[in-house]
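Let's take a walk through this fold together. Have the viewer open and follow along from one element to the next.

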Amino acid sequence: MAKGSRSGPYVCGIDAALDVVSGKWKGLILWELDAHGVRRFAELRRGLPGVSEKMLTQHLREMEADGLVHRKVYAEVPPRVEYSLTEHGRTLNQALGPLGAWGTARIRREGCEQRQPQPDTRSSPH
């Protein structure tokens, strides 16, 4: 497994976990890749309204360095790059499940506005 640039020292396991998923977009990238399996950069960007190209690129690089995301480059013209979760990324996404359930309950309890996911209009190659 790749070792990321972050390596502690940590106060506890929560500290180490939050270090890897810090930032607004990483949890959403995990969710998007878990929901769709494989995504190209433009598909990820469309699935995450509001993320800038620079921020998405930065987070994907960090997540790849942390062993959460696999980046596959195809030798084609124009080049095609696909992203997917590694097994390590899938286990992190599963660990975030209870946190997501807590957040969903909070949305209901507080009456917060919730953005609806955009439908995927492309047919899946799988």
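**The hairpin and its sheet**

P78 sits in the loop between β2 and β3. Before going further, note that this is a predicted model, where local features need pLDDT of at least 70, side-chain atom pairs count only at pLDDT 80 or more, and totals for chains, interfaces and linings use all residues. Residues are numbered from 1 along each chain as its sequence is written, and side-chain values use heavy atoms, with hydrogens and water left out.

Back to that proline: the peptide bond from V77 to P78 is cis, with omega near -5 degrees. As background, most peptide bonds are trans. The hairpin here takes five residues to join β2 to β3. Strand names, like helix names, come from DSSP runs numbered from the N terminus (H or I and at least four residues for a helix, E and at least two for a strand).

Now zoom out to the sheet. It is an open one of three strands, in the order β1-β3-β2, with antiparallel pairing; two strands pair if DSSP finds at least two bridges between them. At the edges are β1 (38–40) and β2 (69–74), each pairing on one side only. Ignoring direction, neighbouring strands of this sheet are turned by 30 degrees against each other on average.

How many bridges hold β2 and β3 together? They pair over six, in the antiparallel sense. Three bridges join β1 to β3 (residues 80–85), and these strands also run antiparallel. On the β1 side, R39 stands opposite Y83 in β3.

On the β2 side, Y74 stands opposite R80 in β3. The side chains of that pair are worth a look: the charged end of R80 sits over the ring of Y74, 3.7 Å from its centre. To qualify, NZ of Lys or CZ of Arg must be within 6 Å of the ring centre and within 35 degrees of the ring normal.

Next come the helices, starting with α2 (residues 26–36). This helix packs against α4 (residues 53–65) at an angle of about 75 degrees, with the axes 10 Å apart. Axes are lines fitted to C-alpha atoms, for helices over the stretch in contact, and angles run from 0 to 180 degrees between N-to-C directions. So α2 and α4 are roughly perpendicular, a label for angles of 65 to 115 degrees. In the contact (heavy atoms within 4.5 Å), K26, I29 and L30 of α2 meet L56, H59, L60, E62 and M63 of α4.

α2 also packs against α5 (residues 87–110), at about 110 degrees and with axes 10 Å apart. These two helices are therefore roughly perpendicular to each other as well. L30, W31 and D34 of α2 make this contact with G89, L92, N93 and L96 of α5.

Terms used:
Angles under 35 degrees count as roughly parallel, over 145 as roughly antiparallel, 65 to 115 as roughly perpendicular and the rest as oblique.
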